[in-house]
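The following paragraphs lead through a protein model, moving from its metal site outward to its sheet, its charged contacts and its aromatic contacts. The reader is invited to keep the structure in view while reading.

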Amino acid sequence: MKIICIGRNYTEHAKELNNAVPEKPIFFMKPDTAIVRNNDPVYYPEHTKDLHYEAEIVIKICKKGKHINTMFASNYFNEIGIGIDFTARDLQAECKKRGLPWEISKGFDQSAPISEFIDKSNFDIVNGIKFSLSINGTKKQNGNTKDMIFSINHIIAYVSKFVTLKEGDLIFTGTPAGVGPTEINDHFVASIEGKTMLDFVIK
Ligand code: MG
């Protein structure tokens with residue numbers, strides 16, 4: 001399986017990192033070794049001094065598809081969860097400055113803790129899911145999928161022009177404003193519609 005991540009999909013987040021609001025979706029990938037499950041701890045990586053959190057709604061692909069039409073894109077995912085796109089912001093700044101790929105800053109091991117997944121039929125509307133992240137009991141990020149620049153269906157259609165999507169693939173759909181640094185011992189709680197989905201610590 002593969003993990004596809006959408007960048008700059010919420011206007012307020014693009015602005016907070018001084019990035020232009022994109023005209024087309026931006027995506028990059030993480031390897032499967034990035035995944036952390038079952039609320040296992042995440043170990044602060046040695047290669048960064050500025051590990052940032054980005055809470056994101058994650059969708060799970062349920063059917064193989066290429067060149068998927070936006071109209072039919074909703075048939076290609078059936079489950080929704082939440083995850084953290086951990087980013088070594090110092091390395092990413094260096095990559096951006098030098099025009100290099102982002103993998104060392106985004107694709108390292110344990111950079112993608114994910115929750116359990118919920119069947120999408122539990123939501124009235126996929127384009128109106130509220131989610132949030134608290135660290136040590138303080139709310140850090142509040143998002144709603146209605147604020148995405150590119151909707152989930154648009155993302156599936158766009159990505160599948162370039163990359164065949166397969167059952168079990170995950171798509172991180174972008175983070176709202178409020179990203180920031182984390183430290184050892186930080187306690188993360190991420191929720192969807194007020195329900196705790198992800199609960200882990202940084203070690
Ligand atoms: Mg992200």
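**From the metal site to the sheet**

Asp85 is buried, its relative accessible area being 1%. The model is a predicted one, and Asp85 is one of the residues through which the protein holds a magnesium ion. The protein donors are Glu54 (OE), Glu56 (OE) and Asp85 (OD), at 2.0 to 2.1 Å from the ion. Along the chain these donors follow the spacing E-x1-E-x28-D. Glu56 belongs to strand E5 (residues 55-61), whereas Asp85 sits in the loop between strand E6 (77-84) and strand E7 (87-88); the pair therefore ties together parts that are 29 residues apart in sequence. Glu56 has a relative accessibility of 0% and counts as buried.

The donor Glu54 also takes part in a charged contact. Arg89 forms a salt bridge with Glu54, with 2.9 Å between the closest N and O atoms. This pair links distant parts of the chain, since Arg89 lies in helix H2 and Glu54 in the loop between strand E4 (51-53) and E5, 35 residues apart. Both Arg89 and Glu54 are buried.

Another salt bridge, between Lys60 and Glu79, has its closest N and O atoms 3.7 Å apart. Lys60 is in strand E5 and Glu79 in strand E6, so this contact ties together parts that are 19 residues apart in sequence. Lys60 is partly exposed at 23% relative accessibility, and Glu79 is likewise partly exposed, with a relative accessible area of 22%. Elsewhere, salt bridges with shared partners join Lys30, Glu54, Asp85, Arg89 and Lys106 into one network. Two members of that network, Glu54 and Asp85, are donors of the magnesium ion.

The structure holds 10 salt bridges. One of them joins Asp169 to Lys2, with the closest N and O atoms 2.6 Å apart. Here, too, distant parts of the chain are linked: Asp169 is in the loop between H4 and strand E12 (170-172), Lys2 is in the segment before E1, and 167 residues separate them. Asp169 counts as buried at 1% relative accessibility, and Lys2 is buried with a relative accessible area of 17%.

Strands E5 and E6 belong to an open sheet of six strands, arranged in the order E2-E1-E12-E5-E6-E9 with mixed pairing. E2 and strand E9 (118-119) are at the edges; each has a single partner strand, so one side of each is left without a neighbour in the sheet. At the E2 end, strand E1 (residues 3-7) runs antiparallel to E2, and five bridges join the two. Within this pairing, Cys5 has Phe28 in E2 as its bridge partner.

A further antiparallel pairing connects strand E14 (residues 187-192) with strand E15 (residues 195-201) over six bridges. The two strands form a hairpin with two residues between them, and Glu193 in the turn has a positive phi of about 50 degrees. Ala190 has Leu198 in E15 as its bridge partner.

The aromatic side chains add further contacts, and the count comes to nine aromatic pairs. Phe27 and Phe162 form a tilted pair, at 6.1 Å centre to centre and with 55 degrees between the planes. Because Phe27 lies in strand E2 (residues 26-30) and Phe162 in helix H4 (residues 152-162), the pair ties together parts that are 135 residues apart in sequence. Phe27 is partly exposed, at 25% relative accessibility.

The pair of Phe28 and Trp102 is tilted as well, with ring centres 5.5 Å apart and planes at 55 degrees. Phe28 is in strand E2 and Trp102 in the loop between helix H2 (89-98) and helix H3 (103-106), so that this contact links distant parts of the chain, 74 residues apart. Phe28 counts as buried at 10% relative accessibility, as does Trp102 at 18%.

Tyr53, Phe86, Phe188 and Phe200 form one aromatic cluster. Lysines also meet aromatic rings: the charged end of Lys60 sits over the ring of Phe117, 4.7 Å from its centre. Lys120 lies over the face of Phe77, at 4.1 Å from the ring centre.

Methods. Residues are numbered from 1 along each chain as its sequence is written. This is a predicted model: local features need pLDDT of at least 70, side-chain atom pairs count only at pLDDT 80 or more; totals for chains, interfaces and linings use all residues. Side-chain values use heavy atoms; hydrogens and water are left out. Donors are N, O and S atoms within 2.8 Å of the metal (3.2 Å for Na, K and Ca); water is not among the atoms, so sites may look incomplete. Helices (H or I, at least four residues) and strands (E, at least two) are DSSP runs, numbered from the N terminus. Buried means under 20% relative accessible area, exposed over 50%, partly exposed in between (1.4 Å probe, protein chains only). Rings of Phe, Tyr and Trp (its six-membered ring) pair if their centres lie within 6.5 Å; planes under 30 degrees apart count as stacked, over 60 as edge-to-face and the rest as tilted. A charge sits over a ring if NZ of Lys or CZ of Arg is within 6 Å of the ring centre and within 35 degrees of the ring normal. Two strands pair if DSSP finds at least two bridges between them. A salt bridge is a side-chain nitrogen of Lys or Arg within 4 Å of a carboxyl oxygen of Asp or Glu.
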